[in-house]
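Q: Could you take me through one part of this structure up close? I'm new to this, so plain words and one thing at a time would be great.

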Amino acid sequence: MVETRLRKRLQQLGIDSFAAYWRRLTDARHRETELVALTDVLTTNKTEFLREAAHFTLLGESVLPHLYQTGAGVRTPLRVWSAASSTGEEPYTLAMLLDQWGRSRRPFEYSILGTDISTRVLEQARLGAYQERAIAALPESWRQSYLLRARGSSAPAPFRINAALRARVQFGYLNLMDDDYRLPDRYHIIFCRNVLIYFNRPTQAAVIGKLIEWLVPGGYLFVGHSESLQGSDFPLATLVPSVYRHLPAWQSGEMAIRRAS
Ligand SMILES: C[S@@+](CC[C@H](N)C(=O)[O-])C[C@H]1O[C@@H](n2cnc3c(N)ncnc32)[C@H](O)[C@@H]1O
């Protein structure tokens, strides 16, 4: 897979051997820009609006009511982080759901952060322009409320997320493998879906540990359906496989053991 994807990059550059590509990658004049291009070709960015829809149902039916009861979204905005946001479908689905949910509740404020390692997908996400087949999974009423039909043949795609919803979602670069995430705040909800599968076990554990540090106590972590953390030793309670709640220290097993000893 890596070889096939790299060959694409070699073709773009008109380079005919991996050795020559390596020289370019390690040449100080090209290194920085080439690392960006390399990341863009190597990452798998598949995503969809309403992907793994059961997560959004659970969010609307249990997670949001519970957080709202505790004051999130009322006294301070409810903060959501999509930690591998790809081209934006996941954070915009979250924005649509939160917006719908908040219509019958006032006050309700929220903000969403989308981060990714690929600058190419981040640019697409900021633009928020999508093809017709990409938006097909969305309910008609959401399409009516949040999507605009692009005017003119020069538009990058026929539909665009409207400005009000785009303003709710900020995008930024973040490598989940970095030691320190340097985020502005902790989050009530973190979506980190369909990216852990690309990491080995120790990296997965390190990433989960760091995500937990960025959850408010009692906050919720969503991972992909195939990325269950079953059998791992984290201060998390399982809601359903792939959705977890951060246990405040006094509730976690580790603390209970310490108290007992
Ligand atoms: C398959 S997509 C999943 C997108 C979305 N979360 C979903 O479930 O539909 C995986 C995303 O993870 C990003 N990614 C891969 N490695 C990463 C890393 N080390 N740090 C941050 N993002 C990463 C990729 O660029 C890609 O956009």
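Where does Ser86 sit, and what surrounds that part of the chain?

A: Ser86 sits in the loop between β1 and α5. Keep in mind that this is a predicted model, and every value below is computed from it. Ser86 has something odd about its backbone: its phi is positive, about 50 degrees, although Ser86 is not a glycine. Ser86 is also tucked away: its relative accessibility is 5%, so it counts as buried, the cut-off being under 20%.

Now step back to Ser85. Ser85 is found in the loop between β1, which covers 78–82, and α5, which covers 89–102. With a relative accessibility of 1%, Ser85 counts as buried too. What does Ser85 touch, once residues up to four places away in sequence are set aside? The list is Pro91, Gly114, Thr115, Asp116, Leu122 and Phe171. If you click on those residues, look out for α5, which runs over 89–102, and for β2, which runs over 110–116.

Follow the chain on into α5 and you meet Leu94, which lies in that helix. Leu94 is buried, because its relative accessible area is 1% and the cut-off is under 20%. Again leaving out residues up to four places away in sequence, Leu94 touches Phe56, Leu59, Val80, Ser82, Ile112 and Phe191. For a sense of distance, try Leu94 and Trp214: they are 120 residues apart along the chain, and their C-alpha atoms are separated by 18 Å.

Next comes the loop between α5 and β2, and that is where Pro107 is found. The peptide bond leading from Arg106 to Pro107 is cis, with omega near 0 degrees.

There is another positive phi to look at, further along the chain. Ser242 has a phi near 95 degrees, and Ser242 is a residue other than glycine. Ser242 lies in the loop between β9 (236–240) and β10 (243–246). Its relative accessibility is 0%, so Ser242 counts as buried.

Now for the open spaces. The largest pocket holds about 590 Å³ of space. It is lined by 26 residues, and the closest to its centre are Thr43, Thr44, Ile117, Val195 and Tyr198. Sorted by class, that lining has 12 nonpolar, 8 polar and 6 charged residues. The second largest pocket holds about 190 Å³. Its lining includes Leu196, Ile197, Arg201 and Gln204, and also a stretch with Ser226, Glu227, Ser228 and Leu229. By class, the lining of this second largest pocket divides into 6 nonpolar, 4 polar and 2 charged.

Last stop: the start of the chain. Helix α1 (residues 2–13) packs against helix α2 (residues 18–25) at an angle of about 75 degrees, and their axes are 11 Å apart. That angle makes α1 roughly perpendicular to α2. On the α1 side, the residues that meet α2 are Glu3, Leu6, Arg7, Arg9, Leu10 and Leu13. On the α2 side, they are Phe18, Tyr21 and Arg24. By class, this contact has 5 nonpolar, no polar and 4 charged residues.

Terms used. Residues numbered from 1 in each chain as written. Predicted model: local features only at pLDDT ≥ 70, side-chain atom pairs only at ≥ 80, totals over all residues. Heavy atoms only, no water. 1 Å grid on protein atoms, 1.4 Å probe; cavity = no way out; pocket = protein on both sides within 12 Å on 5 of 7 lines; lining within 4 Å. Points joined across faces, edges and corners; volume = space filled by probe spheres on them. Nonpolar A, V, L, I, M, F, W, Y, C, P; charged D, E, K, R; others polar. Helix = DSSP H or I, 4+ residues; strand = E, 2+ residues; numbered from the N terminus. Buried < 20%, exposed > 50% of the residue type's maximum accessible area, 1.4 Å probe, protein only. Contact = heavy atoms within 4.5 Å. Axes fitted to C-alpha atoms, helices over the stretch in contact; angles between N-to-C directions. Parallel < 35°, antiparallel > 145°, perpendicular 65-115°, else oblique.
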